[in-house]
Amino acid sequence: MALGERAEIMIRTLASISAEPNRLVRTFLSPEHRAAADLIAKWMQAGGLDVSEDALGTVRGHWAGEGKKRLLIGSHIDTVVESGMFDGPLGVVAGILAAEHFAKAKRKLPFGIDVLAFGDEEGVRFPATLSSSMAVAGTFDVERLQISDREGVTLREAITAYGKKVADIPAAAYDPDVAAAYVEVHIEQGPVLEYRNQPLGVVTSIAGQTYLNVELLGEAGHAGTVPMMLRRDALAGSAEVILLAEKLARATNGEVVATVGVLRIPAAAANVIPGNVALIVDIRSGSDSARLQFVDVFKAEIRILAEARHLGLVVTETRNVKTTPCDASLQDAMAAAISATGSAPVMLASGAGHDGTAVAKLCPIAMMFVRCRGGVSHNPAEYASPADMGLAVAALIRFIENIKL
Ligand code: GLV
Ligand code: MN
Ligand code: MN
């Protein structure tokens with residue numbers, strides 16, 4: 001069967017592993033993560049790879065090379081809530097199919113290949129992300145073990161419940177002399193390749209991100225009795241915060257994007273004036289200075305806004321990740337591989353975050369993007385065609401054949 005059709009069947013099979021019957025939800029260290037990891041391990045074994053799993057649940061499929069150096073190929077198998085099926089799994093499946101190509105041909109390369117299936121890229125379960133790729137890069141901070149999910153389960157407890165030992169986290173890190181490069185194939189999640197009428201692109205950089213947790217503290221009260229002028233409504237204040245984020249981001253003319261995708265009203269009821277609301281603001285830009293300037297202005301303006309409504313305000317920065325450039329010579333090698341498989345490589349920046357931002361602390365990184373129908377992602381309608389995915393695997397194989405590590 002052609003590579004693209006195989007990729008699609010594998011991706012659809014993975015998408016059947018969900019915490020909910022009618023939509024795709026697969027979070028870090030959940031029973032569905034376990035089931036997806038087991039399936040990935042089975043495919044890796046069938047492809048001739050040696051399989052292991054580290055303390056964060058990252059599945060690793062190894063094909064030995066002639067030297068001690070290794071090319072890491074990876075992506076993630078966790079999803080957002082009500083996810084599409086290509087975001088993450090495409091990169092893992094492409095890695096398995098490419099590694100299998102060399103393993104089945106019994107073709108030794110001057111370096112080994114490790115295919116990595118990470119479990120924590122979307123940051124849906126815990127208020128932090130990239131734990132699994134940070135462990136691989138040797139930058140996992142043990143303070144992270146104390147963060148909890150919405151049920152109050154700490155990351156430490158979740159790792160233990162998954163059958164892993166936190167004491168083994170340092171052993172997940174690669175020796176920088178062994179990890180020579182990292183490459184990730186990913187659905188574009190935007191409209192550029194479709195607009196340019198090309199199937200594949202080369203990523204130049206991954207946008208930086210700031211996450212702000214904003215908590216507004218007013219006073220709960222009776223919806224029928226408290227006059228409008230005497231209210232301290234935390235949700236009405238949150239509405240202003242959300243619109244402010246949108247207004248400031250629109251004013252940057254595309255340089256910064258800002259989103260509020262989470263809004264929590266702990267004591268929500270139709271007849272109660274909301275006394276306490278928490279929201280998360282996701283701020284991104286390819287320019288770190290533009291992002292940091294946005295964050296400063298936004299923080300100052302929400303302070304004024306909260307004061308005017310007599311609301312308490314607590315702002316916590318839970319993420320501040322710089323823009324990550326992809327390696328220049330790997331970009332060239334990726335562009336050459338795409339050209340060799342018959343399409344014109346489009347150079348483009350990634351507005352989405354990826355495991356590569358963590359792995360870049362370990363070794364040079366490269367990414368290939370695959371055309372995404374309508375630019376739609378983080379949405380069940382997300383789609384990449386088997387033909388484009390087949391080209392992506394072929395270009396990845398060509399990239400591996402040609403690179404010098
Ligand atoms: C991951 O998809 C992210 O960019 O947040
Ligand atoms: Mn992704
Ligand atoms: Mn995603």
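This passage describes the metal sites, the ligand 1 pocket, one strand and selected loop residues of a predicted model.

Residues are numbered from 1 along each chain as its sequence is written, and chains are lettered from A and ligands numbered from 1 in the order in which they are written. Because the model is predicted, local features need pLDDT of at least 70 and side-chain atom pairs count only at pLDDT 80 or more, whereas totals for chains, interfaces and linings use all residues; side-chain values use heavy atoms, with hydrogens and water left out.

The manganese ion (ligand 2) has as its protein donors His-76 (NE2), Asp-87 (OD) and His-186 (NE2), at 2.0 to 2.2 Å. Donors are N, O and S atoms within 2.8 Å of the metal (3.2 Å for Na, K and Ca), and since water is not among the atoms, sites may look incomplete. Along the chain, the donors of the manganese ion (ligand 2) show the spacing H-x10-D-x98-H. Within this set, His-76 belongs to strand 3 (residues 70-76) and Asp-87 to the loop between strand 3 and helix 3 (89-104), 11 residues apart. Helices (H or I, at least four residues) and strands (E, at least two) are DSSP runs, numbered from the N terminus. His-76 and Asp-87 are both buried, where buried means under 20% relative accessible area, exposed over 50% and partly exposed in between (1.4 Å probe, protein chains only).

For the manganese ion (ligand 3), the protein donors are Asp-87 (OD), Glu-122 (OE), Glu-122 (OE) and His-378 (NE2), at 2.1 to 2.6 Å. The corresponding spacing along the chain is D-x34-E-x255-H. Asp-87 coordinates both the manganese ion (ligand 3) and the manganese ion (ligand 2), and the two ions are 3.6 Å apart. The site of the manganese ion (ligand 3) also links distant parts of the chain, with Asp-87 in the loop between strand 3 and helix 3 and His-378, 291 residues apart from it, in the loop between strand 15 (365-370) and helix 11 (386-402). Asp-87 counts as buried because its relative accessible area is 2%, whereas His-378 is partly exposed because its relative accessible area is 43%.

Two of these donors also take part in the surroundings of ligand 1, whose neighbouring residues are Glu-121, Glu-122, Arg-284, Ala-352, Gly-353 and His-378. A residue is near a molecule or strand if one of its heavy atoms lies within 4 Å of it. This shell comprises one nonpolar, two polar and three charged residues. In this classification, Ala, Val, Leu, Ile, Met, Phe, Trp, Tyr, Cys and Pro count as nonpolar, Asp, Glu, Lys and Arg as charged, and the others, Gly among them, as polar. An oxygen atom of ligand 1 lies 2.6 Å from an N or O atom in the side chain of Arg-284, and for the side chain of Glu-122 the corresponding distance is 2.9 Å. At Gly-353, a polar backbone atom is 2.6 Å from an oxygen atom of ligand 1. Of the 200 Å² that ligand 1 exposes when taken alone, the protein buries 93%; accessible areas come from the Shrake-Rupley method with a 1.4 Å probe, and for residues only the protein chains shown count as cover.

Ala-352 is also approached from within the protein, as its backbone oxygen lies 2.8 Å from a polar atom of the side chain of Ser-350. Ser-350 is located in strand 14 (residues 346-350) and is buried because its relative accessibility is 3%.

Strand 4 (residues 112-118) is mostly covered, with seven of its seven residues buried. Gly-112, Asp-114, Leu-116 and Phe-118 point one way from strand 4, and Ile-113, Val-115 and Ala-117 the other way. Strand 4 pairs with strand 2 (residues 59-63) in the antiparallel sense over five bridges, and Val-59 has Ala-117 as its bridge partner. Strand 3 and strand 4 run parallel and are joined by seven bridges, with Gly-74 partnered by Leu-116. Two strands pair if DSSP finds at least two bridges between them.

Positive phi angles occur at Leu-29, at about 60°, and at Asn-253, at about 55°, although neither is a glycine. Leu-29 lies in the loop between helix 1 (3-15) and helix 2 (31-46) and is buried, with a relative accessible area of 8%. Asn-253 lies in the loop between helix 7 (234-250) and strand 9 (256-264) and is exposed, with a relative accessibility of 73%.

Notes:
A polar contact is a pair of N or O atoms within 3.5 Å; within protein, one must be able to donate a hydrogen and the other to accept it, and residues adjacent in sequence count only if both atoms are side-chain atoms.
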